[in-house]
Amino acid sequence: MTFQELKLIPSLLEAVRCCGYQEPTPIQRETIPSVLEGRDVLGCAQTGTGKTAAFALPILQRLFRQGKPAGDKRPIRALILTPTRELALQIYENFEGYGKKLPLRPCVIFGGVGQQPQVDQLRRGVDILVATPGRLNDLIGQGFIELNRLEIFVLDEADRMLDMGFIHDVKKVISHLPRVRQTLFFSATMPPEVEKLATSLLTNPVTVKVDPVSSTVERIDQSLYMVDKANKRHLLASLLRQSDVESALVFTRTKHGADRVVRELSREGIDARAIHGNKSQNARQQALGDFKTGRVHVLVATDIAARGIDIAGLSHVFNYDLPNEPEAYVHRIGRTGRAGRDGIAISFCCVDELKELKQIEKLTGKTIRRVESEWPMQVLEETPKQPRPARAEHQPRPQAKPAPAVKKPQPPKDKPEKAGEKPRKQPSAAPVSQREAAPKPPVSQSRATPLQRPVSPARREPPVRSIQRDEAEKPAFTYADLLRQRRKGARRPLSTGNDRF
């Protein structure tokens with residue numbers, strides 16, 4: 001079957017030829033006719049099967065044939081909801097590429113960047129909106145987006161949306177949609193939660209199941225190295241230096257692990273970029289752009305980029321760490337071998353990842369080919385996991401005991417008078433006027449307040465002794481007398497206080 005047989009308009013057929021598509025993929029053959037008829041679709045297909053074109057091409061054709069609605073402002077007629085920013089950007093670029101000769105305006109909004117440029121574009125009018133749940137709900141709450149005239153709603157990567165905790169945001173978006181609409185629901189896996197959500201959204205859908213997640217792409221050459229965790233960096237640097245590695249996407253389990261791999265490759269003289277959730281949106285777009293244009297040949301990413309990165313001609317995928325979920329392995333290696341091309345997927349496994357390896361091989365139904373290296377596995381015992389310290393139980397703070405009540409001094413009680421004892425004289429209480437008029441006793445000098453103390457006299461400066469003596473005053477003992485006494489052998493007399501020496 002060809003794209004002409006799918007009854008696409010000439011402008012879309014030309015855009016497909018410019019993109020290099022020769023014949024439709026299985027999911028495109030099953031989905032495009034149903035969407036053109038206006039039916040709901042439930043699609044289950046593995047990543048890299050041409051899912052974006054399966055819903056983008058018929059959406060563009062339907063909106064173009066319906067024409068511009070009445071009114072000055074363009075209403076949002078198609079909404080595509082995606083879990084990640086990278087996937088939203090990729091879908092937006094596909095809409096722009098497919099509909100570059102159509103009078104339709106696509107727009108993309110996501111978080112992590114300023115909203116003002118997005119708001120300005122929304123005010124100019126948008127036909128097709130690609131969005132992530134968080135920023136979409138934010139702009140709806142601010143009154144910049146209205147979905148009351150929506151015609152087509154697409155929920156892409158629904159299983160990933162639920163895994164990332166967006167189920168409540170998705171339901172909030174759905175509450176703003178009109179009841180009469182066309183819904184397209186796509187997911188790589190169908191867990192019970194996804195099936196329940198699909199049942200609540202779709203009406204008499206057409207089910208399309210192509211290549212379940214357990215089936216890996218046959219064109220991808222998969223291999224596995226058993227290597228210790230400490231030697232993974234040396235093996236990765238050695239493989240990246242090989243001549244057949246044109247571009248490589250390296251997957252790690254954690255964000256900090258991705259940054260660490262970039263630093264280790266930099267020490268080996270290999271330029272690499274990291275992309276993960278802790279990076280700003282501008283940094284992620286810059287790293288992804290450098291990788292797509294060929295300025296950087298190695299991109300290190302977490303599973304957030306396992307879906308949504310469509311890089312033409314990606315030659316190698318490296319699983320530096322095996323994923324915790326076996327389905328994520330299929331999505332990782334699906335970044336290579338796309339659009340009928342060949343690809344290579346290389347995985348590293350240490351002793352702590354043997355359990356994940358068994359789950360992957362059980363899901364795919366095949367044993368991954370083992371390859372020997374100059375760094376064979378030598379550590380055969382699993383690293384014992386350190387138990388997390390138990391959190392101290394919260395104990396209520398002891399309540400402070402109330403301070404003892406201070407007893408007020410009671411006036412002394414009058415004792416009964418004994419026989420023969422003279423009665424005590426009670427002080428006569430003088431009237432208030434007499435007490436105020438009574439003269440106050442003088443304040444003693446020692447107990448006077450600072451304002452009442454007498455000011456001390458000024459300190460007297462000691463008199464300056466004059467060096468020149470009065471001629472009439474002669475010293476009692478002179479230097480000549482001293483010499484005279486020393487000649488006679490006499491001691492120097494005690495100083496009289498008037499000598500100068």
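Start by selecting Arg77, which sits in the loop between α3 and β2 (78-81); helices (H or I, at least four residues) and strands (E, at least two) are DSSP runs, numbered from the N terminus. Arg77 is buried, at a relative accessible area of 3%, where buried means under 20% relative accessible area, exposed over 50% and partly exposed in between (1.4 Å probe, protein chains only). Now show its surroundings: beyond its neighbours within four places in sequence, Arg77 is in contact with Leu63, Gln66, Gly67, Pro69, Leu104, Asp127, Arg149, Leu150, Glu151 and Ile152. Contact here means heavy atoms within 4.5 Å.

A word on what is on screen: this is a predicted model, in which local features need pLDDT of at least 70 and side-chain atom pairs count only at pLDDT 80 or more, while totals for chains, interfaces and linings use all residues. Residues are numbered from 1 along each chain as its sequence is written, and side-chain values use heavy atoms, with hydrogens and water left out.

**Zoom out**

Show the whole protein chain, with its 16 helices and 14 strands. Of its 501 residues, 43% are buried. Take the contacts between residues at least 6 apart in sequence: 75% of them join residues at least 24 apart.

**Helix α3 on helix α4**

Next, select α3 (residues 51-66) together with α4. The two pack at an angle of about 45°, with their axes 10 Å apart. Axes are lines fitted to C-alpha atoms, for helices over the stretch in contact, and angles run from 0 to 180 degrees between N-to-C directions. That angle makes α3 oblique to α4; angles under 35 degrees count as roughly parallel, over 145 as roughly antiparallel, 65 to 115 as roughly perpendicular and the rest as oblique. The crossing of α3 and α4 is right-handed, meaning that the near helix is turned clockwise from the far one by less than a right angle, whereas anticlockwise would be left-handed.

Turn on side chains here. From α3 come Thr52, Ala53, Phe55, Ala56, Leu57, Ile59 and Leu60, and from α4 come Gln90, Ile91, Asn94, Phe95 and Tyr98. By class, this contact of α3 with α4 has nine nonpolar, three polar and no charged residues. In this scheme Ala, Val, Leu, Ile, Met, Phe, Trp, Tyr, Cys and Pro are nonpolar, Asp, Glu, Lys and Arg are charged, and the others, Gly among them, are polar.

**Helix α4 on helix α12**

Keep α4 (residues 85-98) and add α12 (residues 281-293). Their axes come within 11 Å and cross at roughly 55°, which makes α4 oblique to α12. The crossing of α4 and α12 is right-handed. In α4, look for Arg85, Glu86, Leu89 and Glu93, which meet Gln281, Arg284, Gln285, Leu288 and Lys292 in α12. This contact of α4 with α12 holds two nonpolar, two polar and five charged residues.

**Phe110 and Thr132**

Which residues touch Phe110, leaving aside its neighbours within four places in sequence? They are Arg85, Leu89, Gln118, Thr132, Arg135, Gln281 and Gln285. Phe110 lies in the loop between β3 (106-109) and α5 (116-124) and is buried, with a relative accessible area of 5%. Try a distance label too: the C-alpha atoms of Phe110 and Val130 are 8.6 Å apart, with their places 20 residues apart along the chain.

Hop to Thr132, in the loop between β4 (128-131) and α6. Thr132 is buried, with a relative accessible area of 7%. Its contacts outside its neighbours within four places in sequence include Leu81, Thr84, Arg85, Ala88 and Phe110.

**Helix α6 on helix α8**

Select α6 (residues 133-141) and α8, whose axes come within 9 Å and cross at roughly 40°. That makes α6 oblique to α8, and the crossing of α6 and α8 is left-handed. Pro133, Leu136 and Asn137 of α6 make the contact with Asp169, Lys172 and Val173 of α8.

**Last stop: helix α9**

Finish with α9 (residues 192-201), where Val194, Leu197, Ala198 and Leu201 are buried. They lie on the same side of α9 because they cover an arc of only 100° around the axis, taken from the directions from the helix axis to the C-beta atoms. Pro192, Lys196, Thr199 and Ser200, on the other side of α9, are exposed. To see what the buried residues of α9 pack against, display β1 (41-45), β5 (152-155), α7 (158-163), α8 (167-174) and β6 (182-187).
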